[in-house]
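Visitor: I would like a close look at one part of this model, the contact between two of its chains. Please take me through that part and then connect it to the rest.

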Amino acid sequence: MKKRFLSLLVAATMVVSMFAGCGSKDNAAENNSSNSNTAGTTNTSTTQEAGNQAADNTADQGKVLNIYAWNEEFKSRVTDFYPGYEVVDNTHGKIGEVEVVWNITPSDNNAYQDNLDAGLLKQESAAADEKIDIFLVEADYALKYVDTPYTMSIADLGITDAELAEQYQYTKDVVTDSNGVLKGLSWQGCPGALFYSRAVAKEVLGTDDPAEIQKYVSDWDKFVETAALMQESGYFMTSSVMDTFRVYSNNVTSKWVEGGKINIDANIMKWVEDSKKMYDAGQTGTHGLWSDDWNKGFYPEGKVFCYFGPAWLINFCMAADVEGSIGNQGGWGATEGPQGFFWGGTWICAAAGTDNAALVKDIMLKITTDPEIMKDIVVKTDDFVNNKSVMNAMAADTSYSSKVLGGQNPLAMYCKGVESIDLSNLSNYDSGCNIDFQSAITNYFEGNATLEEALDIFYQSVAERYPELGY
Amino acid sequence: MKNKGLGIKGRRLIAYTVLILISFFCLFWFYILFINASRSHSELTKGFTLIPSTHLLDNWVNVMNGTLPIVRGMLNSLIIAGSSAVLCTYFSAMTAYAIHAYNFKLRNFMFTFILIIMMIPTQVNAQGFLQLVDKMNLDNSFVPLIIPAIAAPVTFFYLKQYMESSLPLSLIEAARIDGSGEFKTFNKIVLPLMKPAIAVQAIFSFVGNWNNYFTPALILHDNEKKTLPILIAQLRGADFLKFDMGQVYMMIAFSIFPVIIIYLVLSKHIVQGVALGSVKG
Amino acid sequence: MKKKGRVVRYNKWGYIFLIPFVVVYIIFNLIPLVTTIYNSFFECYRSGLTQVGPNYVGLDNYETLLGSKELWQYLGNTFLIWLMGFVPQILLSLLLAAWFSDPSLRLKGQRFFKTVIYLPNVIMASALSMLFFTLFSEGGPVNSMLLQMGLIEEPVKFFASVWGTRGIIAFMNILMWFGNTTILLMAGMMGIDTELFEAAQVDGAKPSQIFFKITMPLLKPILLYTLITSLIGGIQMFDVPQVLSNGSGNPIRSCMTVIMYLNKHLYSKNYGMGGALSVILFVVTGILSLIVFRMTVKKEK
């Protein structure tokens, strides 16, 4: 009881000092925003400072390495492949004398970003052992962090361009800020492919050979034609219109936000147009990605011809170990599809102010450039790693094949796809815009709203999410 | 001559039929839940059956080894709902006692004030509440979810009404003559007398906090700290777990069936308590 | 009850016993309420890592809110969904309460039925919503049952249709609250003097006549009470539509309630707008609760 009253007392005293509403916190925040403004124009000076700081810190290494992530993926990579990492418990580890603390928040409902934002905003005033050292980002919102002084440049960590020569260019584009400074690294590449059901292909198209199937889906017009063929035989072309969204949205020629205004690219509108046609014809559904209904097509009963996805879709979604699934019988084939795209991937960023710069540098180098480790990752986890020579060698290796894909080795196809990815049109609003667009436009597909009404809902949702944007 | 309309028997028959139908609609969903929690994912993709399958244990094991810490979530919910219920009833009884047993200047003002604020939903000051929590560095902590339970106007009102009917002031007077201190009188004499009412309110307070989703979702961010409703709502978002619907059903079952069992044990008090509250309220 | 003298010195204990309530109420309710109102006059939000404001903007936030069609749309949604649930719920509850309290019917197993109908009320709304979402999804059990029974040709997309989604929300509200309402009304009916019924029966009134001519008028206060508390509860509607539509209020935001809208502002840390919206809600519920307050006070007397 005493404790409760004590905390009440503390609460009461704090209340006295807080009355100014948005008050004191905003002063700090204003500083931040002015920081980022200056950073926008003269970024070099800030990063320079951060670099000096890092250099200083190398001398006295911090005792705690704080890592922010939204799932277990990076943790398992570090656990399995970083030499000298010892597991302490579920959220703690040790590298030499340094304690590693994993702060894992799932990304649902933006929780990961909110948590990370809060942490980064407190970074300056936090005690050395509490400071964030490493945080992970996804492509959709990488720029939100990369384009601020909260993220350290890779060069300031002491990593040279030469050391990164084997990495795929697009993985660097994602985390390059508006001044061309590289601020993060990834160990994986996520080029996508079209996965089709071999059984359906044989029945409807008379063949399941990837090269032959590619002819049926080589561009969007052919894709829509094939959808009609599928429908005649009682199959859905894709499980949901959302399956093709990323393929279109990766091939845009403008950004989601241009000059402070929300902008919808022509290729996105083409997706809307094509998808509406296919949905109205009954060739696909409108299930959200990851939903149970979307997932049904991984089983023969779902009657779905194809899915779009990167290599990890096979591991995560195709339920290869579940009896009765298509993947279980090696029933999938892979081909390039209408347009190249990528999906997912995790980037490692160093937080400015880290007290473990040397260790951060070493982890980045080992996990994202060391050929031995990277090869090991491919062999043990089927991941597609961010190393050209390793991947090209594996692609040529005839002994490597995927069971789920009926013995096909898809790596060569991925390698080809990954070179063509162009990411010059990312913006730091992508994650919100993608989610809101899919959600709003579903109203149009399902016939609850006209195109204009659906777009209105989209604009409205984005404006709620990012109050500073106009439309 | 159909003066009485349908005969008693006919009316009784209709009443029973409707009641059984309604009971069916109340319970049917939980039956489906139970069936589906016992089926594997591939069985679930094949459509619905009325007979349970054999994967209850598998799903259970998978959920326990899964990424969402729902046992932890249940524990968190228990801690928050439990301590809220205790604080809420104890201090509401104290507040009610203050208004009931003492005749001070602001008494009527306070009583009216509490009655007025009784119906204001907590959501309207959520914005300032969040800011306060942030300022006090209580973000991601249980404290702001438990302490506010002390000021619970509805519980206060119920207990105040109960005191009026079953706590004679002469009793307190007698205690004073015996030399009992005011605080001691409250703890040793008043509280035991209030037991039935407190028990009912403790249950309601517990259920209310147990089910609360709005405030905890805004305050708790770490998976380790989240309460059950937040974790369940997360199932609706993107998650790899969802590829096993068997697990999803099992998690929902995990959050619903214990409550049903406890409810059945306590149902007599709960149903009576609702009725009691209405007569007085 | 006014005993002067010895008792007076005890009365300071009234203040002492009120301290916990007052302190906690001030800290966790009153101060937040005041800061909420204060913030509603500012432009103040965080976008990612940049903080905008606070800049004093006077009544701009209110103008934007009240002038936009969204707020009215969401208020309308909330009211409509509430009404869709309330009307059937009150009718059903009246019927059940009349049966339960009718001495001539002598229904057996009342405790069982009461226990069952109150049951959904104690279930976590978020878990129940998640359950209904899976049950009513396109490939979910409800659809496959209807298919198997041959009632439909192809799966019904409940959550793609405005009235399907609203209907499910309203249905869940009924399910969760009709037991509560029944028990409340029943308690009200039990309070009616049974001699009135007997006298009416002697006069040869039909059960339906007794119900409409005697029970209903006497129930009026408790019906009104139920109506207003349910309305206040309706304004707070959040968990069910939030989970069912994953926060989007889709289709076409037809299921977006005002609290979901508030939640969106709170989540994006838009304190200004969130504050203004809260104040509007505060005024609305304030008026409603004043009505309830006057009713309860009247009953006291």
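Guide: Keep in mind that this is a predicted model. Start with one partner, chain B. Its assignment gives two domains: domain 1 covers residues 8-55, and domain 2 covers 68-234. The C-alpha centres of these two domains of chain B are separated by 37 Å.

Now the other partner. Chain C is also assigned a domain 1 and a domain 2. Domain 1 of chain C is built from two segments, 36-67 and 269-301, while domain 2 spans 80-267. Between their C-alpha centres lie 30 Å. Each domain of chain C gives 13 residues to the contact between them. On the domain 1 side of that contact, eight residues are nonpolar, five are polar and none is charged.

Next, the contact between the chains. Chain C puts in 85 residues and chain B puts in 77. On the chain C side, helix α1 (residues 12-39) supplies the largest share, with 18 residues. The chain C side has 55 nonpolar residues, 26 polar ones and four charged ones.

The largest nonpolar core has members from both of these chains. It holds 156 residues. B:Tyr97, B:Ile232 and B:Ile252 touch the most other members. Helix α7 of chain C (residues 162-190) gives the largest share of this core, 15 residues. Take B:Ile252 as the close-up. Leaving out residues up to four places away in sequence, B:Ile252 touches B:Leu33 and B:Ile232 in its own chain. Across the chain boundary, B:Ile252 touches C:Ala127, C:Met130 and C:Leu131. Another core lies apart from this one and has 127 residues. Among them are A:Val100, A:Leu120, A:Tyr307 and A:Val378.

Two loop residues in chains B and C deserve a check of their backbone angles. B:Asn137 is not a glycine, yet its phi is positive, about 60°. B:Asn137 sits in the loop between α6 (126-135) and α7 (143-146) of chain B. B:Asn137 counts as exposed, because it has 11 C-beta neighbours inside 10 Å. C:Asn246 also has a positive phi, near 55°, and is likewise a residue other than glycine. Its loop runs between α10 (239-244) and α11 (258-267) of chain C. C:Asn246 has 20 other C-beta atoms within 10 Å, so it is buried.

That leaves chain A. An open sheet of seven strands runs β2-β3-β4-β1-β5-β13-β6 in chain A, with mixed pairing. Strands β2 (85-89) and β6 (185-186) are at the edges. Each has a single partner strand, so one side of each has no neighbour in the sheet. Within the sheet, β1 (residues 64-69) and β4 (residues 98-104) of chain A run parallel and are joined by six bridges. In that pair, A:Val64 stands opposite A:Glu99 of β4.

Finish with helix α18 of chain A (residues 411-419). Its buried residues are A:Leu411, A:Met413, A:Tyr414, A:Gly417 and A:Val418. These residues lie on the same side of α18, because they cover an arc of only 155° around the axis. Several elements of chain A cover the buried residues of α18, including helices α7 (169-173), α14 (311-317) and α17 (388-396). Strands β7 (192-197) and β12 (332-335) of chain A are also part of that cover.

Terms used
Residues are numbered from 1 along each chain as its sequence is written. Chains are lettered from A and ligands numbered from 1 in the order in which they are written. This is a predicted model: local features need pLDDT of at least 70, side-chain atom pairs count only at pLDDT 80 or more; totals for chains, interfaces and linings use all residues. Two strands pair if DSSP finds at least two bridges between them. Helices (H or I, at least four residues) and strands (E, at least two) are DSSP runs, numbered from the N terminus. Domain bounds come from an automatic or database domain assignment. Two residues are in contact if their C-beta atoms, placed from the backbone, lie within 7 Å. Ala, Val, Leu, Ile, Met, Phe, Trp, Tyr, Cys and Pro count as nonpolar, Asp, Glu, Lys and Arg as charged, and the others, Gly among them, as polar. A nonpolar core is a set of buried Ala, Val, Leu, Ile, Met, Phe, Trp, Tyr and Cys residues joined through C-beta atoms within 7 Å. A residue is buried if 20 or more other C-beta atoms lie within 10 Å of its own, exposed if 12 or fewer, and partly exposed in between; C-beta atoms are placed from the backbone. The arc is that of the directions from the helix axis to the C-beta atoms.
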